Amino acid sequence: MNFHELEHKEMYATREADSSWINIVTTLMNQPASRIRAADIGCGGGIYAKALAEMGIPTVIGIDFSDVMLTAAKQNCQNYSQLSFKKGNAYSTGLQESSVDLVLQRALIHHLKDLPACFREAYRILQKDGVYLIQDRTISDCLRDGDTKHIRGWLYSLFPRLINYEEKRRFSSDVIINSLKDAGFKDIEELQLKETRKIYPSKELLFTDIRRRNGKSILYQLSDQEIEKFISYLNTTLKTAGEITEVDYWTIWKAVK
(Lines give C-alpha, C1' and ligand atoms only; values in the text may rest on other atoms or scores of the structure.)
Protein backbone atom coordinates (compact mmCIF):
# COMPACT_ATOMS: atom_id res chain seq x y z
CA MET A 1 0.00 0.00 0.00
CA ASN A 2 0.97 3.64 -0.43
CA PHE A 3 1.04 5.29 2.98
CA HIS A 4 1.01 8.73 1.35
CA GLU A 5 -2.42 8.41 -0.29
CA LEU A 6 -5.20 10.43 1.31
CA GLU A 7 -7.65 7.51 1.07
CA HIS A 8 -5.51 5.65 3.65
CA LYS A 9 -5.63 8.44 6.21
CA GLU A 10 -7.78 6.55 8.74
CA MET A 11 -6.26 3.13 8.14
CA TYR A 12 -4.06 3.22 11.27
CA ALA A 13 -6.07 5.60 13.45
CA THR A 14 -9.33 3.85 14.28
CA ARG A 15 -8.38 1.37 17.02
CA GLU A 16 -7.35 1.55 20.65
CA ALA A 17 -4.31 -0.25 22.05
CA ASP A 18 -5.34 -3.38 23.94
CA SER A 19 -4.63 -3.90 27.64
CA SER A 20 -2.41 -6.89 26.75
CA TRP A 21 -0.09 -4.50 24.93
CA ILE A 22 -0.17 -1.89 27.68
CA ASN A 23 0.63 -4.49 30.33
CA ILE A 24 3.67 -5.93 28.57
CA VAL A 25 5.12 -2.53 27.65
CA THR A 26 4.69 -1.35 31.24
CA THR A 27 6.78 -4.28 32.46
CA LEU A 28 9.53 -3.53 29.93
CA MET A 29 10.14 0.10 30.90
CA ASN A 30 13.22 0.57 33.09
CA GLN A 31 11.86 3.52 35.04
CA PRO A 32 8.52 5.05 36.07
CA ALA A 33 6.43 6.29 33.17
CA SER A 34 6.30 9.77 34.69
CA ARG A 35 10.06 10.17 34.12
CA ILE A 36 10.13 9.02 30.50
CA ARG A 37 10.45 10.95 27.26
CA ALA A 38 9.39 8.63 24.44
CA ALA A 39 9.56 8.48 20.66
CA ASP A 40 7.12 6.38 18.63
CA ILE A 41 8.83 5.93 15.27
CA GLY A 42 6.50 4.93 12.46
CA CYS A 43 3.59 6.17 14.56
CA GLY A 44 0.97 5.92 11.81
CA GLY A 45 -2.33 7.33 13.04
CA GLY A 46 -1.12 7.68 16.63
CA ILE A 47 -2.84 4.67 18.23
CA TYR A 48 0.20 3.60 20.24
CA ALA A 49 1.57 7.09 20.85
CA LYS A 50 -1.77 7.79 22.51
CA ALA A 51 -1.44 4.59 24.55
CA LEU A 52 2.00 5.66 25.80
CA ALA A 53 0.52 8.96 26.92
CA GLU A 54 -2.34 7.19 28.68
CA MET A 55 0.25 5.07 30.51
CA GLY A 56 1.49 8.28 32.16
CA ILE A 57 4.43 9.22 29.91
CA PRO A 58 4.47 13.04 29.94
CA THR A 59 6.26 13.58 26.61
CA VAL A 60 5.66 11.43 23.53
CA ILE A 61 6.92 12.36 20.08
CA GLY A 62 5.33 10.55 17.15
CA ILE A 63 7.40 10.33 13.99
CA ASP A 64 6.24 9.20 10.58
CA PHE A 65 7.39 9.67 6.99
CA SER A 66 3.86 10.23 5.68
CA ASP A 67 2.13 13.60 5.87
CA VAL A 68 -1.19 11.79 5.51
CA MET A 69 -0.50 9.60 8.54
CA LEU A 70 0.71 12.56 10.58
CA THR A 71 -2.49 14.47 9.81
CA ALA A 72 -4.53 11.49 10.99
CA ALA A 73 -2.40 11.18 14.13
CA LYS A 74 -2.83 14.84 15.03
CA GLN A 75 -6.59 14.55 14.65
CA ASN A 76 -6.72 11.27 16.57
CA CYS A 77 -4.66 12.69 19.45
CA GLN A 78 -5.85 16.29 19.49
CA ASN A 79 -6.91 16.08 23.15
CA TYR A 80 -3.49 14.91 24.36
CA SER A 81 -1.26 17.87 25.12
CA GLN A 82 1.69 15.61 25.94
CA LEU A 83 1.82 14.36 22.34
CA SER A 84 3.58 16.02 19.42
CA PHE A 85 4.20 14.78 15.89
CA LYS A 86 6.90 15.45 13.35
CA LYS A 87 7.96 14.19 9.97
CA GLY A 88 10.94 11.87 9.85
CA ASN A 89 11.83 8.23 9.30
CA ALA A 90 13.58 5.31 10.95
CA TYR A 91 16.94 6.28 9.44
CA SER A 92 16.68 10.01 10.17
CA THR A 93 14.26 10.95 12.95
CA GLY A 94 15.36 14.56 13.28
CA LEU A 95 15.65 14.12 17.05
CA GLN A 96 18.69 15.23 18.98
CA GLU A 97 21.30 12.75 20.18
CA SER A 98 20.53 11.16 23.58
CA SER A 99 17.21 12.97 23.78
CA VAL A 100 14.72 10.19 24.66
CA ASP A 101 14.44 7.39 27.23
CA LEU A 102 12.20 5.06 25.23
CA VAL A 103 11.99 4.28 21.52
CA LEU A 104 9.03 2.29 20.24
CA GLN A 105 8.88 0.84 16.74
CA ARG A 106 5.72 -1.18 16.31
CA ALA A 107 5.00 -2.97 13.01
CA LEU A 108 7.71 -0.95 11.31
CA ILE A 109 10.82 -2.96 10.51
CA HIS A 110 9.19 -5.28 7.97
CA HIS A 111 8.78 -2.18 5.79
CA LEU A 112 12.52 -1.41 5.95
CA LYS A 113 15.46 -2.47 3.82
CA ASP A 114 18.37 -1.25 5.98
CA LEU A 115 17.95 -2.69 9.47
CA PRO A 116 21.42 -1.64 10.76
CA ALA A 117 20.78 2.00 9.81
CA CYS A 118 17.47 1.92 11.67
CA PHE A 119 19.08 0.48 14.78
CA ARG A 120 21.97 2.96 14.69
CA GLU A 121 19.51 5.86 14.63
CA ALA A 122 17.59 4.44 17.59
CA TYR A 123 20.87 4.05 19.49
CA ARG A 124 21.84 7.63 18.67
CA ILE A 125 18.67 9.25 20.01
CA LEU A 126 18.43 7.14 23.18
CA GLN A 127 19.96 8.25 26.44
CA LYS A 128 22.30 5.90 28.28
CA ASP A 129 20.28 2.99 29.72
CA GLY A 130 17.36 3.97 27.49
CA VAL A 131 15.04 1.23 26.26
CA TYR A 132 14.42 0.24 22.65
CA LEU A 133 11.24 -1.75 21.94
CA ILE A 134 10.71 -3.37 18.56
CA GLN A 135 7.42 -5.12 17.90
CA ASP A 136 7.02 -7.07 14.69
CA ARG A 137 6.14 -10.47 13.29
CA THR A 138 8.59 -13.19 12.44
CA ILE A 139 7.58 -15.59 9.69
CA SER A 140 6.58 -18.04 12.45
CA ASP A 141 4.22 -15.44 13.92
CA CYS A 142 2.65 -14.92 10.50
CA LEU A 143 2.16 -18.60 9.77
CA ARG A 144 0.39 -19.61 12.95
CA ASP A 145 -2.73 -21.54 12.02
CA GLY A 146 -5.85 -19.56 11.37
CA ASP A 147 -8.73 -19.93 13.80
CA THR A 148 -11.80 -18.00 14.91
CA LYS A 149 -9.57 -15.44 16.64
CA HIS A 150 -6.42 -15.51 14.52
CA ILE A 151 -8.20 -14.43 11.34
CA ARG A 152 -4.96 -13.45 9.63
CA GLY A 153 -3.70 -17.03 9.69
CA TRP A 154 -6.29 -18.14 7.15
CA LEU A 155 -4.88 -15.76 4.55
CA TYR A 156 -1.87 -17.99 3.97
CA SER A 157 -3.82 -21.21 3.51
CA LEU A 158 -6.19 -19.54 1.05
CA PHE A 159 -3.47 -17.60 -0.79
CA PRO A 160 -0.17 -19.51 -0.46
CA ARG A 161 1.74 -16.97 -2.54
CA LEU A 162 1.52 -14.65 0.48
CA ILE A 163 3.90 -16.96 2.33
CA ASN A 164 6.65 -16.11 -0.13
CA TYR A 165 5.76 -12.43 0.17
CA GLU A 166 6.11 -12.59 3.95
CA GLU A 167 9.35 -14.56 3.81
CA LYS A 168 10.92 -11.79 1.76
CA ARG A 169 9.98 -8.97 4.12
CA ARG A 170 10.20 -10.55 7.58
CA PHE A 171 13.50 -10.55 9.46
CA SER A 172 14.46 -13.58 11.52
CA SER A 173 14.99 -13.13 15.24
CA ASP A 174 18.69 -14.00 14.85
CA VAL A 175 19.18 -11.22 12.31
CA ILE A 176 17.42 -8.71 14.55
CA ILE A 177 19.36 -9.69 17.68
CA ASN A 178 22.73 -9.68 15.91
CA SER A 179 21.99 -6.31 14.32
CA LEU A 180 21.07 -4.89 17.72
CA LYS A 181 24.36 -6.11 19.14
CA ASP A 182 26.27 -4.62 16.22
CA ALA A 183 24.58 -1.26 16.86
CA GLY A 184 25.84 -1.33 20.45
CA PHE A 185 22.75 -2.47 22.34
CA LYS A 186 22.95 -4.73 25.40
CA ASP A 187 20.59 -6.75 27.63
CA ILE A 188 18.57 -7.95 24.64
CA GLU A 189 15.37 -9.85 25.43
CA GLU A 190 12.82 -11.55 23.18
CA LEU A 191 9.18 -11.95 24.22
CA GLN A 192 5.99 -13.22 22.62
CA LEU A 193 2.74 -11.28 22.64
CA LYS A 194 -0.77 -12.41 21.79
CA GLU A 195 -2.46 -9.05 21.31
CA THR A 196 -6.15 -8.43 20.91
CA ARG A 197 -6.36 -6.38 17.74
CA LYS A 198 -10.03 -5.49 17.74
CA ILE A 199 -13.38 -6.70 19.05
CA TYR A 200 -16.11 -6.68 16.42
CA PRO A 201 -19.77 -6.72 17.56
CA SER A 202 -20.56 -8.77 14.44
CA LYS A 203 -18.76 -10.51 11.61
CA GLU A 204 -20.31 -8.06 9.15
CA LEU A 205 -18.25 -5.27 10.74
CA LEU A 206 -15.15 -7.44 10.42
CA PHE A 207 -15.96 -7.90 6.73
CA THR A 208 -16.30 -4.14 6.31
CA ASP A 209 -12.78 -3.64 7.70
CA ILE A 210 -11.44 -6.33 5.38
CA ARG A 211 -13.08 -4.77 2.32
CA ARG A 212 -11.51 -1.45 3.29
CA ARG A 213 -8.18 -3.27 3.91
CA ASN A 214 -8.23 -1.36 7.17
CA GLY A 215 -5.09 -1.77 9.27
CA LYS A 216 -3.67 -4.70 7.29
CA SER A 217 -1.27 -3.67 4.55
CA ILE A 218 -0.97 -7.30 3.40
CA LEU A 219 -4.54 -7.12 2.10
CA TYR A 220 -3.25 -4.82 -0.64
CA GLN A 221 -1.58 -7.91 -2.09
CA LEU A 222 -5.07 -9.27 -2.88
CA SER A 223 -7.39 -8.27 -5.70
CA ASP A 224 -10.95 -7.21 -4.96
CA GLN A 225 -12.09 -10.65 -6.11
CA GLU A 226 -9.68 -12.34 -3.71
CA ILE A 227 -10.90 -10.12 -0.88
CA GLU A 228 -14.43 -11.35 -1.56
CA LYS A 229 -13.19 -14.94 -1.63
CA PHE A 230 -11.61 -14.41 1.78
CA ILE A 231 -14.81 -12.88 3.16
CA SER A 232 -16.90 -15.72 1.75
CA TYR A 233 -14.60 -18.23 3.47
CA LEU A 234 -14.87 -16.36 6.78
CA ASN A 235 -18.63 -16.08 6.47
CA THR A 236 -18.87 -19.86 6.18
CA THR A 237 -16.25 -20.62 8.84
CA LEU A 238 -17.24 -18.13 11.52
CA LYS A 239 -20.44 -19.69 12.81
CA THR A 240 -21.21 -17.06 15.41
CA ALA A 241 -23.71 -14.28 14.80
CA GLY A 242 -22.28 -12.34 17.73
CA GLU A 243 -19.05 -10.79 18.86
CA ILE A 244 -15.69 -11.66 17.25
CA THR A 245 -12.39 -11.00 19.01
CA GLU A 246 -9.50 -10.80 16.55
CA VAL A 247 -5.99 -11.46 17.88
CA ASP A 248 -2.52 -11.09 16.39
CA TYR A 249 0.71 -12.86 17.31
CA TRP A 250 3.84 -10.74 17.69
CA THR A 251 7.43 -10.87 18.82
CA ILE A 252 8.86 -8.04 20.92
CA TRP A 253 12.57 -7.36 21.25
CA LYS A 254 13.78 -5.20 24.11
CA ALA A 255 17.30 -3.75 24.05
CA VAL A 256 19.10 -1.29 26.29
CA LYS A 257 21.64 1.35 25.27
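**Buried charges and a nonpolar core**

Student: What is the relative accessible area of Glu166, and does that make the residue buried or exposed?

Tutor: In this predicted model, local features need pLDDT of at least 70 and side-chain atom pairs count only at pLDDT 80 or more, whereas totals for chains, interfaces and linings use all residues. Residues are numbered from 1 along each chain as its sequence is written, and side-chain values use heavy atoms, with hydrogens and water left out. Buried means under 20% relative accessible area, exposed over 50% and partly exposed in between, with a 1.4 Å probe and protein chains only. Glu166 has a relative accessible area of 0%, so the residue is buried.

Student: Which residue meets Glu166 in a salt bridge?

Tutor: A salt bridge places a side-chain nitrogen of Lys or Arg within 4 Å of a carboxyl oxygen of Asp or Glu. The partner lies 3 residues from Glu166 in helix 7 (residues 161–169), helices being DSSP runs of H or I with at least four residues. The N to O distance is 2.8 Å, and the partner is Arg169.

Student: Which residues are joined with Glu166 and Arg169 into one network?

Tutor: Arg169 is itself buried, at 11%. Through salt bridges that share partners, the network joins Glu166 and Arg169 with Asp136, Arg152 and Arg170.

Student: Which helix gives the most to the largest nonpolar core?

Tutor: Such a core is a set of buried Ala, Val, Leu, Ile, Met, Phe, Trp, Tyr and Cys residues joined through side-chain atoms within 4.5 Å. The largest one has 31 residues, with Trp21 and Leu52 among those having the most contacts inside it. With 6 residues, the element that gives the most is helix 2.

Conventions. Helix = DSSP H or I, 4+ residues; strand = E, 2+ residues; numbered from the N terminus.
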